[in-house]
Amino acid sequence: MTDFQRIRNGSCFTDLNNAQCSFRLLVWYSPISDHIPPRHGTLQVRHADDHRVKLKIETLDAELNTSAEDKAKQFDLCSQIGDLYRTELHDSLSALPYYQNMLECSKSLEGDAKEAKANNRLGLTYDILGVKEEAIRCHERALEICRAGETTEPEMCVAYKNLASSLALFDQVPGAKTNYESALAVAMETGNKAELADIYCRFGDLHRNKLDEPQFSHKYYTEMLALARELGWTHTEGVAYGRLGYACSDMEDHEAALEWHLKNLKVKQDEGDKKEEVTAHMDVGNAYIFLDRTHQAMPHFNTALQMAQQTGNLHKQLDACICLGELHRNQLDSPRTAIQYYGQYLALARQLGDRGAEGTAYNRLGLVHHSLWELAAALGWYQKSLEMREEDGDISAQMSQHMNVGHAYTSMDKPEQAKFHFDKALQLAQQTENQQGQMQVYLCLGDLQSEQLHSPRTAIQYYEQYLALARQLEDRGEEGLAYNRLGQAHYEIGEYGAALEWYQKQLTRSQENGDETEQINAQSNVGNAYMNLNKTDQATSHLNTALQLAEQTGDLHGQMRVYFYLGDLYKDKLHSPRTAIQYYGQQLTLARQLGDRHQEGVAYNRLGLSHSDMGELELSLEWNQKALKTFEEVGDTKEQIAQHTNMGDTYRRLGKLDQASSHFSTALHMAQQTGDQHGQMGLYLRLGDLQREQLHSPRAAIQYYEQYLTLARHFGDRDKEIVAYNKLGQALYEFGEYKTSLDWFHKHLALATQLGDVHHQGVAYCGLGAACHGMGDLHAALDWFQKYFEMSQESGDKKEELKAHLNLASSHQALSKSDQARSHYQSALTLAMETGDKQQLAEINLKLGDLHRLQLQEPQVSHKYYTEMLQLAKDLERKDAERQAYNKLGLACNGTQDHEAAVEWHQKNLAMSVENEDKITAHGNIAQSYQAMGKQDLARPHVQAAADLIAGGICSTSCTRMLAL
């Protein structure tokens with residue numbers, strides 16, 4: 001996955017039961033989302049001092065104790081005491097036994113009206129206590145009595161209304177809607193405007209909160225407002241303003257929402273109702289938040305908190321603290337201040353004995369510490385929240401907290417623990433038939449498999465389930481995200497065609513949704529897929545479109561992303577690292593402007609790689625060191641490992657093998673310390689290559705490759721296992737153990753065949769051909785190379801076909817079949833010209849030059865090929881290839897007896913030589929050229945120079961030749 005593909009299009013972090021906390025949630029903390037309590041069929045609200053209420057209850061209790069024989073009086077007294085507990089002190093548990101006593105008394109009294117009244121009170125109390133079956137049973141009994149004609153029509157209206165509200169509370173929406181309609185019909189028939197206003201309010205709440213139909217709720221709240229104005233009920237008018245504000249907010253008409261909430265605030269200020277004024281200030285603050293007017297929101301939240309503190313209203317302080325915590329965490333990017341407010345919220349929740357709020361506080365503290373990357377603290381808070389939800393038996397909240405705990409472990413690079421909690425969350429979501437929850441967990445599990453467990457094929461299975469649920473729920477946003485993830489997973493596997501198809505679906509969906517940010521993302525992904533399919537024209541077109549959209553919309557993050565991809569396109573596919581550097585420079589500028597240290601480090605990394613491609617290795621190291629320093633500062637261990645690895649690669653190319661080994665070893669040590677076994681696996685491969693290719697120690701290389709193979713098998717990573725077989729085959733081949741090498745290449749071929757991996761089958765044929773060649777079985781080698789050639793033709797991959805021609809040419813050359821060898825070299829040359837691969841063109845010109853010089857004895861023809869090689873080396877800015885071309889041109893001139901020209905070429909070779917062995921070769925060739933011209937005095941200093949280098953400890957084939965001189 002590229003650095004930018006790690007920037008996800010959403011998060012699975014769970015705030016309560018919703019991903020990414022929104023201030024829209026804060027509506028649910030406010031008491032104005034509760035039912036307007038019915039009191040004699042009106043919307044009037046009574047407030048009283050708690051102490052006065054308790055004194056009154058004591059008086060009534062004393063009177064109740066002296067009226068044991070008078071059931072009618074007991075009935076009335078129990079009703080009054082229960083109402084005081086329930087509506088004034090909000091103590092429903094204390095109210096319950098008085099209402100139960102009411103019901104018992106009603107059985108001794110004449111008529112059923114009092115039984116209906118008692119059941120009504122009991123139903124409301126059970127609603128508050130969450131006792132579903134008892135609540136609905138009591139409301140149904142009250143309605144049954146009313147319909148039997150034992151009560152008045154207003155009381156029947158209240159019975160319908162209360163049953164509807166109870167059904168809505170327990171998510172029995174169709175029944176609720178039916179009973180509200182019946183209540184509305186009775187109220188309209190009797191012309192009871194007070195009840196009509198209350199029913200319109202409740203009906204509006206049903207459509208907004210349960211049916212997600214704010215446009216219908218707006219209609220009912222408008223009717224409620226008209227009646228409140230007609231009746232002259234100022235308080236109810238304010239309630240209607242508040243409700244209309246909520247409806248407009250749900251319809252995303254935030255300007256209108258603000259206007260309604262400001263009207264409600266003025267009503268509350270005129271009334272002097274401090275409790276309600278606190279709520280109105282918070283609603284206004286929320287409205288400003290939705291309009292991104294944070295600094296106007298802040299004074300309202302601060303005022304709400306101050307008023308709640310002045311009046312000693314702990315519940316309102318609780319609401320204000322959560323609002324301010326959210327504001328500082330989400331809008332003001334001030335997590336430390338958010339922690340202070342969440343701490344106050346937690347203390348108030350504990351003081352009030354509000355376990356729901358206490359669990360919310362733990363959740364928010366976990367989220368804010370997580371955002372600060374204080375992972376141990378975040379995990380601790382998440383676990384506290386999880387324990388509380390388990391004690392309360394809240395399955396939905398348990399699911400959310402298991403997800404958060406899983407995310408904490410993911411961030412701590414502990415994928416097994418993360419998977420345990422995600423699996424648990426999935427079980428709970430399935431148990432409760434929570435499809436939204438299941439959908440989010442499938443996304444999290446897919447991301448875990450893709451990013452942490454490096455198993456994109458398993459990730460695809462989860463993403464497919466995620467997509468199926470998104471389609472079933474008709475959630476177009478999640479559907480688009482599923483397309484994105486499936487594209488990324490196929491991209492990881494190297495299935496770029498499949499990735500392109502998913503990205504194109506993502507693009508289509510984003511265009512249908514009119515989401516410009518998502519279109520930029522999708523256009524970038526489509527361009528990146530085309531880039532990896534080597535369709536550079538289409539890639540350029542989509543990336544330019546993405547850039548134009550990002551510039552038009554002022555999306556700096558989108559622009560940064562596109563510059564990154566354009567840089568990769570020019571670096572990797574168009575072989576223009578200088579142009580790539582310009583794009584990476586623009587990426588770097590934006591990263592600094594946005595304060596994105598991670599992407600700043602990514603830009604440094606890419607600039608280092610580009611300079612490395614140009615052969616500017618010292619400059620490449622400077623950029624790598626900047627990248628390393630940046631990732632050390634942000635504490636990104638994985639990227640530190642990557643930068644040490646890159647620096648090791650660069651030092652390796654510079655021939656500074658001690659430094660290369662040091663950086664690889666540091667990276668390996670860090671990977672081992674953090675338990676990053678995938679990182680270890682990659683480093684074992686590099687250390688093996690270093691030992692085999694440059695330290696010429698295949699035995700040491702074999703040990704690293706064996707560790708690489710062990711980890712590949714441990715993870716069940718068959719793709720890596722294939723590479724291990726190939727590397728072990730190569731190392732043993734270079735060690736001269738051709739028979740054992742042949743065995744590893746056969747394993748390589750068997751696994752490639754089993755997986756249907758055509759590319760690796762071809763690589764295995766090459767290895768088998770090389771092993772047979774080493775064993776002296778040249779005809780068997782030719783057969784294996786022929787198989788590779790046929791496979792490359794079938795696949796239509798011109799690069800593979802080019803390599804196959806080169807192998808066949810070398811094999812025919814070894815069999816002294818020069819004409820066949822020349823034919824295959826010419827075919828390879830044609831293919832290299834078609835693909836524009838200058839690197840291969842230089843290599844093939846070198847091989848053709850050697851063939852004509854050494855076997856066909858045509859030095860004049862070889863001179864032509866070496867000249868072409870020289871020009872290509874200069875074009876590519878490849879100093880090593882340029883030096884080699886000078887050497888070959890000198891040898892060709894020696895072959896044509898033009899020794900003076902030969903000396904000039906060999907001297908150019910000497911001037912560019914860095915390694916001692918190359919200098920020995922150059923001195924030797926100059927000496928031989930002078931000897932051929934009979935100029936022994938000019939040859940002698942070069943012989944001496946070579947001898948001095950040999951005496952310094954260098955010994956090779958060229959050394960032996962010089963000693964013979």
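A residue counts as buried under 20% relative accessible area, as exposed over 50%, and as partly exposed in between. The exercises below concern a predicted model.

**Exercise 1.** Determine whether Asp-212 is buried or exposed, and state where Asp-212 lies.

*Solution.*
1. Asp-212 has a relative accessible area of 64%. The cut-off for an exposed residue is over 50%, and Asp-212 is therefore exposed.
2. Asp-212 belongs to the loop between helix 8 (193-210) and helix 9 (214-231).
3. Although Asp-212 is not a glycine, its phi is positive, at about 50°.

**Exercise 2.** Carry out the corresponding analysis for Gln-897.

*Solution.*
1. The relative accessibility of Gln-897 is 57%, so Gln-897 counts as exposed.
2. The loop between helix 42 (879-895) and helix 43 (899-912) contains Gln-897.
3. Gln-897, which is not a glycine, has a positive phi of about 65°.

**Exercise 3.** Describe how helix 2 (residues 71-88) is oriented with respect to helix 4 (residues 113-129), and classify the residues of their contact.

*Solution.*
1. The two axes of helix 2 and helix 4 come within 12 Å and cross at roughly 20°.
2. Angles under 35 degrees count as roughly parallel, and helix 2 is therefore roughly parallel to helix 4.
3. The crossing of helix 2 with helix 4 is left-handed.
4. On the side of helix 2, the contact is made by Phe-75, Asp-76, Ser-79, Asp-83 and Arg-86; their partners in helix 4 include Lys-114, Lys-117 and Arg-121.
5. By class, this contact of helix 2 with helix 4 comprises 4 nonpolar, 2 polar and 6 charged residues.

**Exercise 4.** Describe how helix 22 (residues 476-493) and helix 23 (residues 496-513) pack.

*Solution.*
1. The axes of helix 22 and helix 23 are 8 Å apart, at an angle of about 160°.
2. Angles over 145 degrees count as roughly antiparallel, and helix 22 and helix 23 are therefore roughly antiparallel to each other.
3. Helix 22 passes helix 23 in a left-handed crossing.
4. Among the residues that meet are Tyr-483 and Tyr-491 in helix 22, and Trp-502 and Tyr-503 in helix 23.
5. The contact of helix 22 with helix 23 has 8 nonpolar, 8 polar and 5 charged residues.

**Exercise 5.** Explain why helix 30 (residues 637-653) is described as largely enclosed.

*Solution.*
1. Of the 17 residues of helix 30, 12 are buried, so helix 30 is largely enclosed by the rest of the structure.
2. The buried residues include Ile-641, Met-647 and Tyr-651.
3. These buried residues of helix 30 pack against helix 28 (597-613), helix 29 (617-634), helix 31 (657-673) and helix 32 (677-693).

Definitions and conventions:
Residues numbered from 1 in each chain as written. Predicted model: local features only at pLDDT ≥ 70, side-chain atom pairs only at ≥ 80, totals over all residues. Heavy atoms only, no water. Axes fitted to C-alpha atoms, helices over the stretch in contact; angles between N-to-C directions. Helix = DSSP H or I, 4+ residues; strand = E, 2+ residues; numbered from the N terminus. Parallel < 35°, antiparallel > 145°, perpendicular 65-115°, else oblique. Left-handed = near helix turned anticlockwise from the far one by under 90°. Contact = heavy atoms within 4.5 Å. Nonpolar A, V, L, I, M, F, W, Y, C, P; charged D, E, K, R; others polar. Expected span 1.5 Å × (residues − 1). Buried < 20%, exposed > 50% of the residue type's maximum accessible area, 1.4 Å probe, protein only.
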